[in-house]
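Grab a coffee and work through these exercises with the viewer open. Each one sets a task, then walks through a solution.

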Amino acid sequence: VCVGLAAPLLLQPFIFPSITGEADIPWYGRYSVKANLWIGIFSFIGNYWYTHYFYNVLEAHYTMPSWDLNGVPIPMYFGTHFYFCFYHVLSNLALRKTYSSLERGVLRNIFVCSLVFYMSYVTAFMESLTISGFPCYGFKDRFLAYTLGSAFYGLYFIVSFPMFLRLDENPSKRSYSSFDAAVEALASGMAVLILLDAVRVWLGADLTFRLNRPCKLDSSLTCEPFNFKTC
């Protein structure tokens, strides 16, 4: 399912570039390619690294059968790409509307910062809420996950929403290459990692990395309908 959700986004720039009006542009110069690269790198970092902060700080757990990469189910890497593409399209629309509607100045800057914080928390909270019906992902304390966890997760977007907007936003002033997109996604990933780790240190939580999820060691922890199957 997760691969099926991400595949149209990943394939569109190469198979149907006319959808985004980029058929006459070389593939490496298409915005859709650079956007996919940016989101792909950022979402990969989020799964590969940040998930372990949720394991440690919020005691989150995935309990479905799956092959893993660094202790994270591989389908989640594809699912995150789909979700993050959707989130960042909406954030770009909101931020562009703000920049085009308000005059440049201190008040606009304050409004933009407030909007980014608001969108980040709401995005994180709504994902936490809507995914609560999925039996194979959970937290030790769900209320804590909705409140503190949403703020913790929102740190991703506080960085990524304004940074992703920069991508080819003013091509007359600067046209991004795929390399530029990759560099900025990696820089954004590092910034989020620092923020997450600062919160972890402030909370006094140790950080440990487990290559095997608990359900791989104890089949009784596997979620329905895969009960008692090693995940």
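## Exercise 1: the pocket

The lining of the largest pocket breaks down into 21 nonpolar, ten polar and one charged residues. Keep in mind that this is a predicted model.

**Task.** Work out how much space the largest pocket holds, and which residues lie nearest its centre.

**Solution.**
- Step 1: start with the volume. About 630 Å³ of space lies in the largest pocket.
- Step 2: go to the lining. It is made up of 32 residues, and those nearest the centre are Y62, M76, T80, E127 and I131.
- Step 3: trace the lining back to secondary structure. The elements giving two or more residues are α1 (2-15), α2, β1, α3 (74-101), α4 (106-130), β4 and α5.

## Exercise 2: a buried salt bridge

**Task.** Find the partner of K34 and say how far apart the closest N and O atoms are. Then decide whether K34 is buried or exposed.

**Solution.**
- Step 1: pick the pair out of the six salt bridges in the structure. K34 pairs with D168, with 2.6 Å between the closest N and O atoms.
- Step 2: place both ends. K34 sits in helix α2 (residues 31-57) and D168 in the loop between α5 (142-165) and α6 (178-203), so the salt bridge ties together parts 134 residues apart in sequence.
- Step 3: check burial, where the cut-off is under 20% relative accessible area. K34 has 2% relative accessibility, so K34 counts as buried. D168 has 15%, so D168 is buried too.

## Exercise 3: two other salt bridges

**Task.** Which residue does K140 bridge to, and which residue meets D68? Say where the partners lie in the chain.

**Solution.**
- Step 1: take K140. This lysine forms a salt bridge with E59, the closest N and O atoms being 3.8 Å apart.
- Step 2: locate that pair. K140 is in the loop between β4 (137-139) and α5, while E59 is in the loop between α2 and β1 (60-62), 81 residues apart.
- Step 3: look at accessibility. K140, at 65%, counts as exposed, whereas E59, at 40%, is partly exposed.
- Step 4: turn to D68. Its side chain meets that of R213 in a salt bridge, 2.7 Å from N to O.
- Step 5: locate this pair as well. R213 lies in the loop between α6 and α7 (214-217) and D68 in strand β2 (residues 68-69), so parts 145 residues apart in sequence are tied together. R213 is buried, with a relative accessible area of 2%.

## Exercise 4: aromatic pairs

**Task.** How many aromatic pairs does a search of the whole structure find? Work out what geometry W38 and F164 adopt, then do the same for F84 and Y156.

**Solution.**
- Step 1: get the count. The search turns up 29 aromatic pairs.
- Step 2: classify W38 and F164. Their centres are 5.4 Å apart with 70° between the planes, which makes the pair edge-to-face; the cut-off for that class is over 60 degrees.
- Step 3: place them. W38 is in helix α2 and F164 in helix α5, so the pair ties together parts 126 residues apart in sequence. W38 is buried at 1% relative accessible area, and F164 is buried at 4%.
- Step 4: move on to F84 and Y156. This pair is edge-to-face, at 6.4 Å centre to centre and 80° between the planes.
- Step 5: place these two. F84 belongs to helix α3 and Y156 to helix α5, 72 residues apart. F84 is buried at 2%, and Y156 is buried at 5%.

Technical notes. Residues numbered from 1 in each chain as written. Heavy atoms only, no water. Salt bridge = Lys/Arg side-chain N within 4 Å of Asp/Glu carboxyl O. Helix = DSSP H or I, 4+ residues; strand = E, 2+ residues; numbered from the N terminus. Buried < 20%, exposed > 50% of the residue type's maximum accessible area, 1.4 Å probe, protein only. 1 Å grid on protein atoms, 1.4 Å probe; cavity = no way out; pocket = protein on both sides within 12 Å on 5 of 7 lines; lining within 4 Å. Points joined across faces, edges and corners; volume = space filled by probe spheres on them. Nonpolar A, V, L, I, M, F, W, Y, C, P; charged D, E, K, R; others polar. Phe/Tyr/Trp six-rings, centres within 6.5 Å; stacked < 30°, edge-to-face > 60°.
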